[in-house]
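Me: Hi! I've just opened this one and could use a hand reading it. Can we go through it bit by bit?

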Amino acid sequence: MRPRLDQVPGVLGEIARRRALEVAPYPLPEAPPRPPSFREALLAPGLSLIAEVKRQSPSEGQIRSIDPAEAALAYARGGARAISVLTEPHRFGGSLEDLKRIWGAVDLPLLRKDFVVDPFMLAEARAFGASAALLIVALLGELTAAYLEEAGRLGLEALVEVHTERELEVALEAGAQMIGINNRDLATLRIDLATAPRLGRLARERGFAGVLVAESGYAQKEELRPLEGLFDAVLVGTSLMRQPDLEAAVRELVG
């Protein structure tokens, strides 16, 4: 049950095809006890912050050399309600070991953020302590519903990521309970901060009552104002990672 990736354009397609070649099932460690709910954490009052741990990205190059557990602890002290952990190794410098170490350091729910192109990657996420996994509609297409079902079977929540109106329709039809709207076009890497509010309003107009998460491009507290009352959470990575004091940077965004 793998998506067809040959027609996925740009950087997204390049990364996803490489990840697909690397998936080789192996005996997984026993999954830890059921982790805290990612969804419940984001439903707390106000705009919840998902703070992201990442060392580099295709758009920014090298961002920061970090100890992932120490970064996550700083985020937690600052008031983040969940942690996103990049586990893609080549363009983001992440690993499943990062996920494991962060799980051992904080009590917050963790999102495995990667380019999921095989169901085994969902089993990995659960085995290494994730509460939720990212599912990208631009990769999975009509298989989105099947991957959602598999995640649920494993006791894993799913954040279903979209960037266009058509992808939003796929997520809604698949029965997603959490939808992430990415301001970044993953094929071209361009950011438009109008994307999340526009598609967020459309999702609500279509009757979506689940969790809405805005993703990518946020650096200042004032940039979050268009999200208030519409979104439940915002995911911020690069701009936090660039700050010398991660705890203070989180407090500044969520204070």
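**Starting from a loop**

Reply: Sure. This is a predicted model. Let's begin with Glu-223: leaving out residues up to four places away in sequence, it touches Leu-193, Gly-217 and Tyr-218.

Me: Where is Glu-223 found?

Reply: Look for strand 9 and strand 10, which run parallel and are joined by 3 bridges. One partnership there is Val-213 with Ala-233 of strand 10. Glu-223 sits in the loop between strand 9 and strand 10.

Me: Does Glu-223 count as buried, exposed or partly exposed, and why?

Reply: Buried means under 20% relative accessible area and exposed means over 50%. Glu-223 has 27% relative accessibility, so the label is partly exposed.

Me: How many Å apart in space are Glu-223 and Ile-50?

Reply: Along the sequence, Glu-223 and Ile-50 are 173 residues apart. In space, going C-alpha to C-alpha, the separation is 15 Å.

Me: What do the 8 strands with parallel pairing make up?

Reply: Follow the order 1-4-5-6-7-8-9-10, and it closes up. From one strand to the next, the twist averages 25°. With that parallel pairing, the 8 strands make a closed barrel.

Me: Which residue stands opposite Gly-180 of strand 8?

Reply: Strand 7 and strand 8 run parallel, with 3 bridges joining them. In strand 8, 5 of its 5 residues are buried. Met-178, Gly-180 and Asn-182 lie on one side, with Ile-179 and Ile-181 on the other. The residue opposite Gly-180 is Glu-161.

Me: How many residues does the largest nonpolar core have?

Reply: Ile-179 is a good way in, as it touches residues including Leu-159, Phe-208 and Val-213. Ile-179 is also among the residues with the most contacts inside the largest nonpolar core, along with Leu-49, Tyr-75, Leu-139 and Leu-240. The size of that core is 90 residues.

Me: Why do the buried residues of helix 7 line one face, and within what arc do they fall?

Reply: An α-helix has 3.6 residues a turn, so residues three or four places apart point the same way. In helix 7, the buried ones are Thr-144, Tyr-147, Leu-148, Glu-150 and Ala-151. Seen down the helix axis, they line one face because they fall within an arc of 165°.

Me: Which exposed residues are on the face of helix 7 turned away from its buried side?

Reply: The buried residues pack against several elements, among them helix 5, strand 6 and helix 8. After helix 7 comes Gly-155, with a positive phi near 80°. On the face turned away from the buried side, the exposed residues are Glu-149 and Arg-153.

Me: What does the buried part of helix 9 pack against?

Reply: Among the buried residues of helix 9 are Thr-195, Leu-199 and Leu-202. Just after the helix, Gly-207 has a positive phi of about 95°. The buried residues pack against helix 8, strand 8 and strand 9.

Me: At roughly what angle do helix 3 and helix 11 cross?

Reply: Helix 3 lies across strand 1 and strand 4. Where helix 3 meets helix 11, the residues involved include Ala-71 and Tyr-75 from helix 3 and Leu-246 and Val-250 from helix 11. The crossing is right-handed. The axes come within 7 Å, and the crossing angle is roughly 35°.

Notes
Residues numbered from 1 in each chain as written. Predicted model: local features only at pLDDT ≥ 70, side-chain atom pairs only at ≥ 80, totals over all residues. Heavy atoms only, no water. Pairing = 2+ DSSP bridges. Helix = DSSP H or I, 4+ residues; strand = E, 2+ residues; numbered from the N terminus. Axes fitted to C-alpha atoms, helices over the stretch in contact; angles between N-to-C directions. Contact = heavy atoms within 4.5 Å. Buried < 20%, exposed > 50% of the residue type's maximum accessible area, 1.4 Å probe, protein only. Arc of directions from axis to C-beta. Core = buried A, V, L, I, M, F, W, Y, C linked by side-chain atoms within 4.5 Å. Left-handed = near helix turned anticlockwise from the far one by under 90°.
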